[in-house]
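Colleague: Could we go through this model together, one question at a time, so that I learn how to read it?

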Amino acid sequence: MKRLEGKIAIVTGGAGGIGSATARRLTSEGAVTVIADYDLVRARAVAGEIGHGATAAFYDAEKMETVEALVVSTVAQFGRLDILLNNAAITTPQIQKDDTTAVDIAFETWDRVMAVNLRGYLAGCKYAIPEMLKTGGGAIVNTASGSGLVGDLSRIAYGTSKAGVIALTRSVATQYGRRGIRCNAVAPGLILTEAARDGVPELIEIIQNHVLTPRLGTPEDVAAVVAFLASEDAGFINGETIVCNGGSLAHQPHTHDLAQYLEGPH
Ligand SMILES: NC(=O)c1ccc[n+]([C@@H]2O[C@H](COP(=O)([O-])OP(=O)(O)OC[C@H]3O[C@@H](n4cnc5c(N)ncnc54)[C@H](O)[C@@H]3O)[C@@H](O)[C@H]2O)c1
């Protein structure tokens, strides 16, 4: 028997790099997966490619009524909801450009990032938990980020939203854990989605210098953590954030410089 056989799962941001890989993984482990995204064309393409009962659904994380409708329609179609991966994030080039520093960021940018990345996750929990409780519980996994654990030179709203996701995760576990809801987070480091691969090559090289693995992370690495957290194998894990970053926060910040110094001519 597969680990997630008979489970009904929603993956938000399911058309994206990590979301689509996770939808694929959950489905391969036996779940029926709803790929939810505001890019319905791509969500449908992902569902079609995955097969095995995977479906696509439109929702917009900024519009609360569409988050509620997503949960309602999933339960109407499949009779229950067991797994929710809150994963959508606003990653448009414009937001990447506008989400800068404490002094320079516009409040409008801050509000949009918080609406999608944090309030959107709250909404997922708000509407999913009552449905999960009806069937004895469920598993929520939130995609946080290493940016929620340490500071960054830019993207102040993104990092703050992801720190909020980690706090949200703990609070949901605290408030509903004893009634059967497990709520955990995964905090990826740089993950080589297609978009990241097409990004700045120098950035990839810099990150490569700071991971403790011979390779960088893939969407499938994150998907494996989500599948574990969603399954009964993680039945005694609640309120945790699992980092998935090749150990990039596990060492002294000067490790790479020190290694170069020790190997260098002196
Ligand atoms: N890729 C990385 O290196 C990395 C690192 C750390 C954390 N993360 C996190 O992983 C998650 C997935 O990131 P990704 O790299 O796959 O990004 P992505 O851009 O490929 O996927 C994000 C998805 O969210 C959808 N989306 C955006 N706004 C939405 C909205 N308002 N309503 C509904 N859907 C919306 C997009 O259409 C897209 O399909 C995000 O939460 C991101 O912050 C990614």
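Colleague: By class, how many residues of the shell around the ligand are nonpolar, polar and charged?

Modeller: This is a predicted model, in which local features need pLDDT of at least 70 and side-chain atom pairs count only at pLDDT 80 or more, while totals for chains, interfaces and linings use all residues. Residues are numbered from 1 along each chain as its sequence is written, and side-chain values use heavy atoms, with hydrogens and water left out. Here Ala, Val, Leu, Ile, Met, Phe, Trp, Tyr, Cys and Pro count as nonpolar, Asp, Glu, Lys and Arg as charged, and the others, Gly among them, as polar. Sorted in this way, the shell around the ligand has 14 nonpolar, nine polar and three charged residues.

Colleague: Which residues come nearest to the ligand?

Modeller: A residue is near the ligand if one of its heavy atoms lies within 4 Å of it. Of the 26 residues around the ligand, those that come nearest are Asp37, Asn87, Thr91, Tyr158 and Ile191.

Colleague: How far is an oxygen atom of the ligand from an N or O atom in the side chain of threonine 91?

Modeller: A polar contact is a pair of N or O atoms within 3.5 Å. Polar backbone atoms also face ligand oxygen atoms, at 3.1 Å for glycine 16 and at 2.9 Å for glycine 17. For the side chain of threonine 91, the distance to a ligand oxygen atom is 2.7 Å.

Colleague: What percentage of the area that the ligand exposes when taken alone does the protein bury?

Modeller: Accessible areas come from the Shrake-Rupley method with a 1.4 Å probe. Taken alone, the ligand exposes 830 Å². The part of this area that the protein buries is 90%.

Terms used
A polar contact is a pair of N or O atoms within 3.5 Å; within protein, one must be able to donate a hydrogen and the other to accept it, and residues adjacent in sequence count only if both atoms are side-chain atoms.
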